[in-house]
Amino acid sequence: MNLKNFLISFVATFILTLVVAVIVSFLYNLIVHGTSAVDWDTSFRLAIMLGIIFPCVRAFESRKKEKTA
């Protein structure tokens, strides 16, 4: 996996994770606390972490497959 593919995968994972985390945070606060608030700090942290971790795992798996093939 080259740098361009890694960055594309990072951005896609980051955006998807951020959107899902914001929606879940909003719905949780709305249902449990009765306020319409979003926990932006946690949403961004989770999106950054998963945006880095998932592309790295995919890169390691593709390298492993190339070595065994």
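**Entry 1: the fold**

Before counting anything, I reminded myself that a helix here is a DSSP run of H or I with at least four residues, and a strand is a run of E with at least two. I am working from a predicted model, so I keep that in mind throughout. On that basis I counted two helices and zero strands in the chain. Next I looked up the radius of gyration: it is 16 Å, well over the 11 Å from the globule rule for 69 residues, so the chain is more spread out than a compact globule. The box around the C-alpha atoms, taken along the principal axes, is roughly 55 × 20 × 15 Å.

**Entry 2: whole-chain numbers**

How much of the chain is buried? I found that buried residues make up 20% of the 69 residues. The accessible surface comes to about 5,300 Å², and carbon and sulfur atoms account for 72% of that surface. I then checked contacts between residues at least 6 apart in sequence, and 64% of them join residues at least 24 apart. For charges, I noted 7 positive and 4 negative ones, with their mean positions 11 Å apart.

**Entry 3: aromatic rings**

I searched the whole structure for aromatic pairs and got three. Which residues form the aromatic cluster? My list reads Phe10, Phe14, Trp40 and Phe44. I picked Phe14 from that cluster for a further look.

**Entry 4: Phe14 and its neighbour Thr13**

Phe14 sits in helix 1, which covers residues 3–33. Is Phe14 buried or exposed? Its relative accessibility is 19%, and the cut-off for buried is under 20%, so I log Phe14 as buried. Leaving out residues up to four places away in sequence, I see Phe14 touching Phe44, Ala47, Ile48 and Gly51. I also took a C-alpha distance from Phe14 to Leu50: the two are 36 residues apart along the chain, yet separated by 7.0 Å.

Thr13 is also placed in helix 1. With 9% relative accessibility, Thr13 counts as buried. Which residues does Thr13 touch, not counting those up to four places away in sequence? I wrote down Leu50, Gly51, Phe54 and Arg58. Gly51 is thus on my contact list for Phe14 and on the one for Thr13.

**Entry 5: across to helix 2**

Helix 2 runs over residues 40–68, and I found Ser43 in it. The relative accessible area of Ser43 is 2%, so this residue is buried. With the nearest four places in sequence set aside, Ser43 touches Leu18, Ala21, Val22 and Ser25. From Ser43 to Val20 the C-alpha distance is 8.6 Å, for a gap of 23 residues along the chain.

Phe54, one of the residues touched by Thr13, also has its place in helix 2. Why do I not call Phe54 buried? Phe54 has a relative accessible area of 39%, so it is partly exposed.

**Entry 6: distances from Val20**

My last stop was Val20, which lies in helix 1. I have Val20 down as partly exposed, because its relative accessible area is 45%. How far is Val20 from Phe54, C-alpha to C-alpha? I get 16 Å, with their positions 34 residues apart along the chain. For Val20 and Glu61 the sequence gap is 41 residues, and the C-alpha atoms are 25 Å apart in space.

**Entry 7: what I am keeping**

To carry forward, I have a predicted model with two helices and no strands. Phe14, Thr13 and Ser43 are on my buried list. Phe54 and Val20 go down as partly exposed.

Notes: Residues numbered from 1 in each chain as written. Predicted model: local features only at pLDDT ≥ 70, side-chain atom pairs only at ≥ 80, totals over all residues. Heavy atoms only, no water. Rg over C-alpha atoms; globule rule 2.2 N^0.38 Å. Buried < 20%, exposed > 50% of the residue type's maximum accessible area, 1.4 Å probe, protein only. Contact = heavy atoms within 4.5 Å. Areas by Shrake-Rupley, 256 points an atom, 1.4 Å probe, with all protein chains shown as cover. Lys, Arg positive; Asp, Glu negative; His and termini not counted. Charge placed at Lys NZ, Arg CZ, Asp CG, Glu CD. Phe/Tyr/Trp six-rings, centres within 6.5 Å; stacked < 30°, edge-to-face > 60°.
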